[in-house]
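Me: Pick one part of this model and take me through it closely, please. I'd like to see how it sits against the rest.

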Amino acid sequence: MITTKVKDQSSGMKTMQDLELRLNESINILQKARDFFARCKSFFNSSLSTEEKSLIKNLPIIKDAIHAFWVITVLELCKLADDSPSQKHNISKLIRDIWSDWHTLNLDKILTIKELREVESKINSTITSDRILSIKRLRDKYYAHTDINNPNPEVELIPNFNKIDALIKDLEKVLIDLKSKLLKTTYVFVPVYQGEYLILKDLLIGINQNKLKK
């Protein structure tokens with residue numbers, strides 16, 4: 001849970017440029033998560049043909065690519081939403097650093113304490129939600145290290161994609177809100193094109209052409 005307790009150590013944010021850099025780093029991490037999640041989802045496109053679905057099922061390289069896209073999505077989202085010392089870019093830490101450097105950055109001239117507490121509340125509800133807890137379990141038990149005592153198969157821990165969509169949207173809102181309130185800058189996360197599955201069509205063309213040659 002985020003607190004407004006001032007840290008003993010400086011966050012390193014001495015200027016508004018430092019704060020902007022921190023925000024942009026978080027935005028870049030979320031953008032990477034969005035990109036890889038879109039790539040992962042594209043292989044579950046409802047318009048896939050029976051042949052294309054068969055390729056996903058039977059070609060290890062495709063299955064491995066989808067799994068890699070998913071793992072990167074989880075790791076990047078945990079960087080932002082896991083409030084632990086090992087995640088230096090987590091948004092909870094960013095908020096605590098903003099409180100710590102409130103006077104250094106003269107933030108009282110930019111926004112009110114009430115406004116920052118509202119953002120803080122949004123983050124609290126996000127990082128304690130089942131959406132982030134589910135991907136943290138995956139990271140801790142399978143992707144960051146292997147938990148030999150884990151009774152659950154990986155697939156049982158993978159959340160519904162709708163939950164990840166909701167988590168990403170929550171993080172987008174928080175970062176856009178911070179950017180707007182602190183830097184008076186409008187930022188928009190543009191939709192990500194889910195086009196990775198098109199490689200399946202190219203593979204099918206190559207496979208069918210090879211069959212004709214035989």
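Reply: Accessible areas here come from the Shrake-Rupley method with a 1.4 Å probe, and for residues only the protein chains shown count as cover. On that basis the chain exposes about 12,000 Å², with carbon and sulfur atoms supplying 54% of it. Bear in mind that this is a predicted model: local features need pLDDT of at least 70 and side-chain atom pairs pLDDT 80 or more, while totals for chains, interfaces and linings use all residues. Numbering runs from 1 along each chain as its sequence is written, and side-chain values use heavy atoms, leaving out hydrogens and water.

First, the setting. The chain has 9 helices and 0 strands (DSSP runs numbered from the N terminus: H or I of at least four residues for helices, E of at least two for strands). Its C-alpha trace spans about 75 × 45 × 25 Å along the principal axes. Of the 214 residues, 42% count as buried (under 20% relative accessible area; exposed is over 50%, partly exposed in between; 1.4 Å probe, protein chains only).

Now the part I'd zoom in on: helix α5, residues 113-127. Its 15 residues should span 21 Å (1.5 Å times one less than the number of residues), and the end C-alpha atoms are indeed 21 Å apart. Buried in α5 are L116, V119, E120, I123, N124, T126 and I127. They lie on the same side of the helix, because they cover an arc of only 165° around the axis (taken from the directions from the axis to the C-beta atoms). Why would such spacing work? An α-helix has 3.6 residues a turn, so residues three or four places apart point the same way.

What covers that side? The cover includes α3 (60-81), α4 (91-100), α6 (130-143) and α8 (161-183). L178 shows one such link: leaving aside neighbours within four places in sequence, it is in contact (heavy atoms within 4.5 Å) with L116 and V119, among others including L23, L94, I95 and I98.

L178 also features in the largest nonpolar core (buried Ala, Val, Leu, Ile, Met, Phe, Trp, Tyr and Cys joined through side-chain atoms within 4.5 Å). Of its 55 residues, L77, I98, L178 and L182 touch the most other members. Helix α5 is among those supplying at least two residues of this core, while α3 gives the largest share, 10 residues.
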